[in-house]
Amino acid sequence: PEEQFEPDPSKKNLVILGTGWGAVSLLKKLDTENYNVIVISPRNYFLFTPLLPSCTTGTVEHRSIMEPIRSITRHKQAAVKFYEAEATKIDHVNKIITIDDNSDIKGAMSKTGVPYDMLVVSVGAENATFGIPGVRENACFLKEIGDAQQIRKKIMDCVETATFKDQSPEEIERLLHMVVVGGGPTGVEFAGELQDFFDQDVKKWVPEISDKVKVTLIEALPNVLPMFSKQLIDYTESTFKEEKITIKTKTAVKKVTESTVEAEATGPDGKKYTEILPYGLLVWATGNAVRPVVGDLMSQIPAQKDSRRGLAVNEYLVVQGTHDIWAVGDCAVSGYAPTAQVASQEGSFLARLFNTMAKTEAIEDHIHDLSSTLNLKPGNAAEIAKEIEENEKQLRRIKDIKPFHYTHQGSLAYIGSDRAVADVSWLNGNFATGGGLTYLFWRSAYLSMCFSTRNRVLVVIDWAKSKVFGRDVSRE
Ligand code: FAD
Ligand code: NAD
């Protein structure tokens with residue numbers, strides 16, 4: 001149990017920053033007997049991000065995709081300490097992390113230092129806005145539970161405000177215009193969920209406005225979902241057309257105000273023109289940016305000076321320019337895309353590496369002890385020498401740990417109307433598929449990925465509830 005956490009002075013302090021995909025995969029496979037393990041994160045739960053877009057409309061309830069970190073740590077071999085706090089500074093010279101309790105309730109102690117011998121940075125990334133004016137003040141993001149709750153509330157606020165007595169037709173049109181910026185998987189999945197909600201529920205509950213609702217997806221590049229194959233991009237675009245989601249490609253948002261989005265669009269003749277779109281709800285999903293604590297660490301290490309998108313790591317995920325800091329997931333630049341799949345494989349790799357390192361140290365100590373007895377017991381020399389040799393053989397086998405290698409299992413995205421697209425590598429081949437069956441596959445894939453049995457059960461109940469009774473349109 002956690003109360004019994006007593007740092008053992010004979011063990012190294014292993015500090016893990018974050019409770020996301022990277023950190024939790026590491027924690028799950030780590031043998032915590034070998035280290036004093038300390039987890040620090042402002043969030044005391046793991047969040048199953050693939051189902052976050054479904055929370056914005058209530059297809060899935062938010063608590064169904066959260067798993068308390070303590071339910072993960074409590075099952076570990078040795079106690080793990082958890083501090084709900086944000087790491088605000090990593091001093092890699094003195095090996096100390098400054099942590100701040102930034103929650104609403106603070107005690108007399110709300111800022112302190114945590115020393116480490118080994119550090120894993122798995123703090124993820126923040127939302128990129130590229131400094132575009134008005135975004136932070138006016139747009140919603142879609143990264144955390146609070147974001148999904150805010151979006152859910154705002155959607156219904158737009159609907160109720162649009163039906164307010166004597167609202168003008170222009171204002172109704174603006175309020176019911178839902179604009180999504182960023183045609184990556186986050187933007188696409190959210191637009192699909194949103195359209196489902198309008199088609200399946202709002203139409204039933206508030207029929208008078210249902211034909212006035214409009215969803216627009218804006219993307220700067222020539223097409224959406226750039227990581228998917230051409231065939232699936234086309235399938236997504238034609239499905240969106242059927243769903244009446246407008247896609248505006250080659251359109252880059254330059255400015256946002258309280259009620260409009262200003263974009264630079266490129267016409268078929270290659271000419272650029274400015275478009276102003278009034279909106280009721282704006283969701284911003286243009287990818288990742290480096291968190292301040294990571295940027296600050298990068299600025300302290302000369303070997304990181306050319307890295308822009310995060311901490312550059314070597315093939316063992318060691319942060320370049322250090323020897324006792326590792327980085328995984330969205331805050332690391334390891335040559336792979338910033339996805340949950342990559343983060344979780346990196347986390348599992350580090351667990352194997354750390355378990356091996358602990359074993360290696362134990363064997364090295366044993367060899368050292370045997371060598372000392374060699375001189376003391378010359379009569380047993382042959383026997384001891386044999387044991388040393390066997391231990392050295394074992395050590396070589398263990399030390400032969402291969403660098404991190406990522407195995408891509410495929411990309412999967414929900415696109416609305418009970419359809420999904422999947423680029424899956426299977427039996428050494430790649431195949432691209434879209435449609436209703438893919439959607440069933442999408443659902444079963446997510447269920448098998450959902451972390452605990454409790455989460456699986458909750459998500460299935462939510463899916464059934466929203467199918468049978470419709471989604472709940474009350475504004476909390
Ligand atoms: P995260 O999971 O973001 O975890 C970061 C952790 O660090 C959090 O616990 C956070 O609270 C904590 N933290 C933040 N700042 C600090 C600090 N200063 N100190 C300490 N802790 C801190 N990927 C897929 O592969 N498939 C999908 O279907 C998919 N769907 C997605 C849907 C959405 C809506 C989003 C937003 C992302 C999706 N992704 C998906 C991407 C995936 O979620 C990320 O790549 C993944 O979460 C990265 O894992 P991570 O551990 O690096 O970061
Ligand atoms: P992304 O980086 O994949 O896409 C962002 C998009 O926004 C880009 O296509 C970019 O061209 C566009 N953009 C940037 N600035 C713009 C502007 N000013 N105006 C218009 N468009 C602009 O971001 P994401 O979708 O949030 O995904 C982040 C990561 O998470 C990716 O690695 C993604 O693969 C992963 N993810 C995966 C899934 C899934 O597998 N189902 C779901 C969500 C996220």
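Domain bounds, as used here, come from an automatic or database domain assignment. With that in hand, the overall layout of this predicted model can be described. The assignment divides the protein chain into domain 1 (2-125 + 290-351), domain 2 (135-288 + 407-469) and domain 3 (360-393). Domain 1 is thus written as two stretches of the chain, and so is domain 2, whereas domain 3 is given as a single stretch, 360-393. Taken over C-alpha atoms, the centres of domain 2 and domain 3 are 64 Å apart.

A good place to look next is the sheet formed by β6, β7 and β8. Strands of a sheet pair through backbone hydrogen bonds, and the pairing may be parallel or antiparallel. Here the sheet is open, its three strands follow the order β6-β7-β8, and the pairing is antiparallel. At the edges stand β6 (86-91) and β8 (111-115), each of which pairs on one side only. From one strand to the next, the twist averages 25°. Strand β7 covers residues 96-100 and is joined to β6 by five bridges, with the two strands running antiparallel. To follow this pairing by eye, it helps to find I90, which stands opposite I97 in β7.

Aromatic side chains offer another set of landmarks, with 14 aromatic pairs in the structure. One of them brings together F197 and F198, whose ring centres are 5.9 Å apart and whose planes differ by 40°, so the pair counts as tilted, the class between under 30 degrees (stacked) and over 60 (edge-to-face). Are these two rings buried or exposed? F197 counts as buried because its relative accessibility is 3%, and F198 is buried too, with a relative accessible area of 4%; the cut-off for buried is under 20%.

Elsewhere, a single aromatic cluster is made up of W21, F46, F48, Y414, Y439, W442 and Y446. A charged residue also meets a ring in this model: R443 lies over the face of W463, at 4.1 Å from the ring centre.

Finally, the cysteines deserve a short look. A disulfide is a covalent bond that links the sulfur atoms of two cysteines. How many disulfides does the structure hold? The count is zero. Two cysteines can nevertheless be placed with respect to the surface: C55 counts as buried because its relative accessibility is 4%, and C331 likewise counts as buried, at 3% relative accessibility.

Methods. Residues are numbered from 1 along each chain as its sequence is written. Chains are lettered from A and ligands numbered from 1 in the order in which they are written. This is a predicted model: local features need pLDDT of at least 70, side-chain atom pairs count only at pLDDT 80 or more; totals for chains, interfaces and linings use all residues. Side-chain values use heavy atoms; hydrogens and water are left out. Rings of Phe, Tyr and Trp (its six-membered ring) pair if their centres lie within 6.5 Å; planes under 30 degrees apart count as stacked, over 60 as edge-to-face and the rest as tilted. Buried means under 20% relative accessible area, exposed over 50%, partly exposed in between (1.4 Å probe, protein chains only). A charge sits over a ring if NZ of Lys or CZ of Arg is within 6 Å of the ring centre and within 35 degrees of the ring normal. Two strands pair if DSSP finds at least two bridges between them. Helices (H or I, at least four residues) and strands (E, at least two) are DSSP runs, numbered from the N terminus. Axes are lines fitted to C-alpha atoms, for helices over the stretch in contact, and angles run from 0 to 180 degrees between N-to-C directions. A disulfide is a pair of cysteine sulfur atoms within 2.5 Å.
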